[in-house]
Amino acid sequence: MSDIRSYTIEELKTILEAYGEKPYRAAQIFSWLHEKKAASFDEMSDISKQLRKRLGNDYEIRRCGIARVQSSKKDGTKKYLYELHDGNLIESVFMKYREWNSACISSQAGCDMGCRFCASGIDGCARSLEPSEMLDEIYAMEEDTKETINSVVVMGSGEPLLLVDELLKFIEILTCKGGKNLSQRSITVSTCGIVPKIRYLADRRLQINLAVSLHAATDEKRREIMPIAKRYSIAELMDACSYYFEKTGRRITFEYALMDGFNDTDEDARALALILGGKNCHVNLIPVNPVKERDFIRPDGEKARRFKVRLENFGINVTIRRELGSDIDGACGQLRRKYR
Ligand code: SAH
């Protein structure tokens with residue numbers, strides 16, 4: 001049985017029409033699921049008993065359980081470990097900024113991309129998440145913190161563009177008026193660079209933000225740390241990114257994890273500026289999070305700042321990512337691994 005919260009309002013209409021019900025019921029049910037966060041069909045007091053029963057026979061509402069929470073004493077960051085209905089575990093992070101709250105959510109239980117510096121991929125990918133499960137990461141966080149989430153980044157475990165159609169449904173539901181009603185511009189999707197899927201997403205012409213994990217400026221170096229680079233060259237990736245910008249007008253963010261002695265020299269900055277120069281983009285430098293099973297270490301603050309200034313001198317927009325929750329576990333995927 002599937003979770004009824006994975007359906008868009010249009011899909012709910014189709015389901016109800018097949019039952020011989022009036023399509024306007026779809027909006028009522030959608031609001032029960034995504035606004036009032038009903039945990040069962042029985043709570044839907046303005047829906048007939050008969051219809052509630054029928055829905056209950058055909059669909060489920062499967063809310064995730066909170067297996068563990070770690071709270072930062074420094075900055076209000078909270079890391080959640082959720083247990084899904086089939087026992088799979090996923091991680092999400094609640095982040096507090098001065099003016100808004102942000103949720104970093106996972107798209108898969110684990111990951112198959114095998115990036116060498118990342119903890120999420122160490123055990124591979126158990127499965128992709130359903131739209132309802134991605135929504136639940138946010139809903140459960142709002143319920144627990146009693147706060148409103150204003151922005152969502154799909155930057156937890158998993159490669160979201162491998163499940164692009166589920167991701168699109170998730171975005172449609174999240175931005176729907178009768179539900180959380182988030183704006184597309186408040187959503188960021190991060191990818192390791194699945195070129196055809198970037199083009200597919202571009203053709204949907206959404207106003208979401210796309211972040212691309214680059215991490216190295218030459219194919220040779222990128223292939224050493226990211227297996228996906230063996231499939232698509234940086235030139236192909238950059239073409240797809242330009243296409244995305246053309247179709248959506250949205251500036252792309254390139255993520256670049258600084259790894260001491262590997263990709264943080266003046267030479268690396270020059271190579272990076274060479275591929276990004278003249279593009280309407282932004283570079284987010286992330287001093288690499290040390291992962292116990294991995295051998296990369298982060299450069300010191302001085303070196304990171306030097307790299308940033310180098311890029312700026314080439315006219316590139318660049319920031320160093322502010323670190324939140326440094327006292328509650330390093331890199332993504334580590335809480336899940338520890339727990340198991
Ligand atoms: N699969 C997607 C999204 C998940 S990873 C992607 O690759 O973009 C989110 C970001 O965290 C990516 O940029 C990823 O490369 C980065 N990341 C993973 N492990 C990291 C680590 N140990 N230190 C710093 N960044 C890391």
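1. Polar contact between the domains comes down to one residue pair in this predicted model, with both partners at pLDDT 80 or more. The rule also finds one salt bridge across the interface of domain 1 and domain 2. Have a look at K169 and E11: their side chains meet in a salt bridge, at 2.8 Å from N to O.

2. For orientation, the domain assignment puts domain 1 at 2–60, while domain 2 comes in two pieces, 111–125 and 154–339. Ten residues may be picked out on the domain 1 side of the contact, and seven on the domain 2 side. Taken over C-alpha atoms, the two centres are 37 Å apart.

3. How much area is buried between domain 1 and domain 2? It's about 650 Å², and carbon and sulfur atoms give 67% of that. On the domain 1 side, T8, F30 and H34 lose the most area to domain 2, together making up 55% of what that side buries.

4. Now the ligand. It has 17 residues around it, and the closest are G158, S190, S213, H215 and N289. Sorted by type, the shell holds eight nonpolar, seven polar and two charged residues.

5. Which polar atoms should you check around the ligand? One ligand oxygen sits 2.6 Å from an N or O atom in the side chain of S213. A ligand nitrogen is 3.0 Å from an N or O atom in the side chain of E159, and a ligand nitrogen is 2.9 Å from a polar backbone atom of F117. As for cover, the ligand taken alone exposes 530 Å², and the protein buries 95% of that.

Technical notes. Residues numbered from 1 in each chain as written. Predicted model: local features only at pLDDT ≥ 70, side-chain atom pairs only at ≥ 80, totals over all residues. Heavy atoms only, no water. Near = heavy atom within 4 Å. Polar contact = N/O pair within 3.5 Å; in protein donor to acceptor, adjacent residues only side chain to side chain. Areas by Shrake-Rupley, 256 points an atom, 1.4 Å probe, with all protein chains shown as cover. Nonpolar A, V, L, I, M, F, W, Y, C, P; charged D, E, K, R; others polar. Domains from an automatic or database assignment. Contact = heavy atoms within 4.5 Å. Buried area = accessible area lost by both parts, 1.4 Å probe. Salt bridge = Lys/Arg side-chain N within 4 Å of Asp/Glu carboxyl O.
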